[in-house]
Structure formats: structure tokens, C-alpha cells
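Trainee: Got a minute to go through this one with me? I'd like to get a feel for the fold before I head back to the bench.

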Amino acid sequence: MKYITDGENKLIDNEKSENVAVRTLYTMARRKQRRCYFSYSLIFLCVIFFLSLIAGCLLYIYFERADTEFIFDVSSLGNASAGTLKSILKNYFLSFLPFALLFVLGFTSLSSLISGLLCAGFGAFCGFCITNALKSFPEGLLSASVPLGLYCIILLYFSAISVSFSHSMRPSRQFKGMLEEDLACYLRYLLTSASFALAVCIIHHII
């Protein structure tokens, strides 16, 4: 009876070892795949961003030649002021909204589409604002472009992360507890990006 029990224990231990080995190999393969998705997504989103940046510059030139009145005051972006805590928190809340949207989209198949549209919109906005800064208030170009550029870099980075997680979040349900691990990792990326966005808001009010 003792030998039978020992055999069963060895069989259970072998099964556990095989499960751990399979899970480890699967995790390594999935992380490698996620890194590939991240690299391809980042390159693709950067291309979209810079093409939209050029389109935004051309759009500003077109509106200027057509003597079109702008809906918003772009020159306010170049006004460097110390700012109050309330204005910093307000700007931070507005800058955090795209990250929150991308975080939620990381669980869906729409992440690639919305990330591309969001980066295209910010690229056109940056081109519009930078061209206006060059023509209207060149002395405020630094205070307008540096925080905006830093923010867009962080947004591009997190957009690529969101796309990479959207491709790997659903297969992680195959192993127990793996989805929770992915969620924890994804949340850490969000908090890190949000912290950098807060730093950019502070820099904008300091410059």
C-alpha cells in the first residue's frame, strides 16, 4: 500500500512539474510576442503621429491664408506661468483622460484603431500649435513645444503598450491566475505613465 501511494504522489508531482514548465514556457513566449507587438505598434503609431503633425502644420497655413478665425486660442499654450495647484490639477485631469481611455481599450479589439486615431489627432493638434507658435509668438515656442512634445512621447509609448496588451490579454485566460498577473502589470504601466504626465503638467507651469 505504501508503494502504491508513493507512485501516486510521484505522478502528481510530475504533473505539477509539467504544468509549471508549460506555464513558464507559455509566459516567456507571450512576453516575447508582446514585445514584438509593442515594437511594431510604436513604429506604426510614430509614423501616423508625424504624418499627422505635417498635416496639422499644413492645416494651420491653409487656415491662415484663408483668414479663418480659430475656435480656440492657440497662443495660450505658450503663456508660461507658475500656475496654481487648481490649474495644475485641472490640466492633469484633462491629460489623464486619453490614458484612461487607452487603458480600457486594452481589453478590447478596438485598441489598435482608437490608438491610431488618438495619435493622429494629437499629431495634427501638435503641428497646428507649433506652427502657430513659430508665426505668432516665437518667444513662447519653448514653453509650448517642450511639454507638449514630452506628453506626446508618453502618450505614444502607452498607446503601443495598450495595443500589445490587447493582443495578449485574451489568451492569458488559458492559465489560472495569469490574467490577474497581466492586469497588475498593465496597471503598473498606467500608473507610471500617469506619473510622467503629472510631471509634464508641472514642467508646463514652471517653464
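Mentor: Sure. One term to start with: helices and strands here are DSSP runs, at least four residues for a helix and at least two for a strand, numbered from the N terminus. Also keep in mind that this is a predicted model.

Trainee: OK, so how many helices and strands does the protein chain have?

Mentor: Five helices and zero strands. Going along the sequence, the pattern reads α-α-α-α-α.

Trainee: And how confident is the prediction, by pLDDT?

Mentor: The chain averages a pLDDT of 76, with 68% of the residues scoring at least 70.

Trainee: Which helix has the lowest confidence, and which the highest?

Mentor: Lowest is helix α1, residues 2-65, at a mean of 73, while helix α3, residues 111-136, is highest at 86. Watch residues 1-16, where pLDDT is below 50 and the model has zero contacts beyond near neighbours in sequence.

Trainee: Where else does pLDDT stay under 50?

Mentor: Over residues 78-82, although the model does give that stretch 11 contacts beyond four places in sequence. Where pLDDT is low, the predicted coordinates should not be read in detail.

Trainee: Fair enough. Switching to the inside: what's in the largest nonpolar core?

Mentor: That core has 30 residues, and Phe99, Tyr151, Leu155 and Phe158 have the most contacts inside it. Helices α1, α2, α3, α4 and α5 each supply at least two of its residues.

Trainee: Which helix gives the most to this core?

Mentor: α4, with 10 residues.

Trainee: Let's zoom in on Phe158. What does it touch, leaving out residues up to four places away in sequence?

Mentor: Phe99, Leu102 and Phe103, plus Tyr186, Tyr189, Leu190 and Ser193.

Trainee: What about Val146: where is that?

Mentor: In helix α4, residues 141-168. Its C-alpha lies 9.0 Å from that of Val200, and the two are 54 residues apart in sequence.

Trainee: Why does Val146 count as partly exposed?

Mentor: Because its relative accessible area is 30%, and partly exposed means between the 20% cut-off for buried and the 50% cut-off for exposed.

Trainee: And for the whole chain, how much counts as buried?

Mentor: 35% of the 207 residues. The accessible surface comes to about 12,800 Å², and 69% of that belongs to carbon and sulfur atoms.

Trainee: Last one: what share of the contacts between residues at least 6 apart join residues at least 24 apart?

Mentor: 87% of them.

Note on methods: Residues numbered from 1 in each chain as written. Predicted model: local features only at pLDDT ≥ 70, side-chain atom pairs only at ≥ 80, totals over all residues. Heavy atoms only, no water. Buried < 20%, exposed > 50% of the residue type's maximum accessible area, 1.4 Å probe, protein only. Contact = heavy atoms within 4.5 Å. Areas by Shrake-Rupley, 256 points an atom, 1.4 Å probe, with all protein chains shown as cover. pLDDT = per-residue confidence, 0-100. Core = buried A, V, L, I, M, F, W, Y, C linked by side-chain atoms within 4.5 Å.
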